[in-house]
Amino acid sequence: MPHPLRLSGALDPAALERSLTELVRRHESLRTVFAEVDGEGFQVVRPAAPVALALVDLGGLPAEAREREIRRRVAEESLRPFDLAAGPLLRALLVRLDAGEHGLLFTLHHIIADGWSLGVLVREVSALYAAAVEGREPRLPALPVQYADYAAWQREWLQGEALERQLGYWREQLGGAPPLLELPTDRPRPPVPGEAGASLAFTVPAERTGALRTLARREGATLFMALLAAFQTLLARWSGQDDVSAGTPTAGRSRVELEGLIGMFVNTLVLRTRLAGGPGFRALLHRVRETTLGAYAHQEVPFEKLVEELDVERSLRHTPLFQAMFALQNLDTAEPELAGVRLAPLGGSEEAAKFDLRLTVMEVDEELRGVLSYRRELFDPATVERMAEHFRILLDAVVSDSERPVMLLPLMPEAERRRVLSGWNDAAARDYPRGACVHELFAEQAARTPGAPALVCRGETLTYAELERRANRLANHLRGRGVGPERCVGVSLERTPELVTALLAVLKAGGAYVPLDPAYPRARLA
């Protein structure tokens, strides 16, 4: 979890180092490592010790070179791995740009911290630094518990009847859910997804945000529920599925004693929404409301335990139970300070994609600011831009016509709608043979150029005559099996010469082919 900050002002590095030492002393999680004994992992809390703040001085470089170098350092730090057994799992690097400008590069392993923890870290470092600069004792309250106390309590409580009650809800809620959200991607899903990610930012104006909030309040729901319902509608429209599961993070800090701790408390809930029956947005919002409230009431089961207990089909190609994440965050817009030193985010860290899609929405000054993150190996930027534009238009539509079936609500801007309905379908503007079918045109070409290459695949080349001969042979076989007009033939093949042969043969036999991707889940193929 990289958290790079730009520090503007007169900084005292020694005071900063002392404040980090005190922070690590206060929070056992920051000095925890993970040992393996007989195949099981254990938390090992190390004794408190002074923290040495690494310092890099770039003051001798020209201004442009300094900026390039610090961004390189940020990217490098964000990708440098941790040793969970050796630690430390919090790294801090101070980069001096000039006398009044520094970069402070915090990097934590996710096993000891979550997003909430970063806010705790910055607040406490600020308070501890102020005390160190002023030469006084810090006034932070003692921590009532430590992370290991919480972990032991959760393990002790979450067993037997309590665990079975929680799991029973999730078995009923997620039983039979589609394992994969099949969005149209720009490239095939790789056998093992990488982590290269990117993101697109967009804004929902205050007027539209206010109308959506009013609609949600009128239906006894929250803004989170309304946005989730709209996002799941978007996923359903893009995927063609009427059963959509999305993940959402929950803080996991259900007790006041946990609010000031640095630790990995966040859990992931799977929110499944069924859109069958053609509901309007109001009706869908009520479904999402009930699902969300039920999930919150049964949020104690860690996601990893849920996957294990539900015995879902595991695949390296995609994450289990869901592939799209949604989160609504309420940002504190006040700029943090470090005793006269202003803090600001410092970009440059490599963006890692943990899911196919992640929509994060923040409330800032009455408007919504969205960030749509995605896997670069699956989606092109232009595709994600279309998706974000469709989401904005969908939000307008659900507010103006909340009774209309969500599957019929408009998604496209007028220019795209004209292009799809008119531009791409303007057959009169195209010159093509109107009296022949595709397989007949292919046969004519084979007669004209029988020896020319028709198909090249992984070093194999088929001429027009060879491909025509193979397709005719298979077409005769299909006719013998009863294939003719109005008959459908399933074709389940990888992208090989046999696939092209099969498609031509079905057409020659007079039937229609139904493409079945072998990579689809077994239930979908069935």
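In this predicted model, helix α6 is followed by G220, a residue whose phi is positive, near 70°. The helix itself comprises 13 residues, 206-218, and because a rise of 1.5 Å a residue should give a span of 18 Å, the 18 Å between its end C-alpha atoms agrees with expectation. Within α6, the buried residues are R208, T209, L212, L215 and A216. They cover an arc of only 125° around the axis, and therefore lie on the same side of α6. The face turned away from that buried side carries the exposed residues E207, R217 and R218. Packed against the buried residues of α6 are the strands β7 (197-204) and β14 (367-375), together with the helices α7, α8 (281-297) and α10 (381-400).

Helix α8 can be described in a similar way. Its 17 residues reach 24 Å from the first C-alpha to the last, close to the 24 Å expected at 1.5 Å a residue. The buried residues of α8 are F281, L284, L285, V288, T291, T292, G294 and A295, and what covers them includes α5 (160-174), α6, α7, β9 (267-274) and α10.

The largest nonpolar core has 69 residues, of which L227, L321, L357 and F391 touch the most other members. Helix α7 (residues 223-239) gives the most to this core, contributing 13 residues. Leaving out residues up to four places away in sequence, L227 touches L212, F326, L328, V361, L368, F391 and L395; one of these contacts, L212, is among the buried residues of α6. A second core, separate from this one, consists of 32 residues and includes L23, V24, F106 and A132.

Turning to the strands, an open sheet is formed by six of them in the order β4-β5-β6-β1-β12-β11, with mixed pairing. Its edge strands, each pairing on one side only, are β4 (54-57) and β11 (337-338). Strand β4 runs parallel to β5 (residues 90-98), to which it is joined by four bridges, and L55 stands opposite L94 in β5. Two helices lie across strands of this sheet, as set out below.

| Helix | Residues | Strands it lies across | Angle to β5 |
|---|---|---|---|
| α1 | 13-26 | β5, β6 (101-108), β11 | about 165° |
| α2 | 63-79 | β1 (2-8), β4, β5, β6 | about 175° |

A hairpin offers an antiparallel case: strand β2 (residues 32-37) and strand β3 (residues 40-45) run antiparallel and are joined by six bridges. The bridge partner of V33 is V44 in β3. Two residues stand between the strands of this hairpin, where D38 takes a positive phi near 55°.

Helix α3 (residues 115-134) contains L128, which has a relative accessible area of 4% and is therefore buried, the limit being under 20%. When its neighbours within four places in sequence are left aside, L128 is in contact with S19, E22, L23, P138 and L140. Among these partners, L23 is also listed as part of the second nonpolar core, while L140 follows 12 residues apart along the chain from L128, their C-alpha atoms being separated by 8.0 Å.

Terms used. Residues are numbered from 1 along each chain as its sequence is written. This is a predicted model: local features need pLDDT of at least 70, side-chain atom pairs count only at pLDDT 80 or more; totals for chains, interfaces and linings use all residues. Side-chain values use heavy atoms; hydrogens and water are left out. A nonpolar core is a set of buried Ala, Val, Leu, Ile, Met, Phe, Trp, Tyr and Cys residues joined through side-chain atoms within 4.5 Å. Buried means under 20% relative accessible area, exposed over 50%, partly exposed in between (1.4 Å probe, protein chains only). Contact means heavy atoms within 4.5 Å. Two strands pair if DSSP finds at least two bridges between them. Axes are lines fitted to C-alpha atoms, for helices over the stretch in contact, and angles run from 0 to 180 degrees between N-to-C directions. The expected span of a helix is 1.5 Å times one less than its number of residues. The arc is that of the directions from the helix axis to the C-beta atoms.
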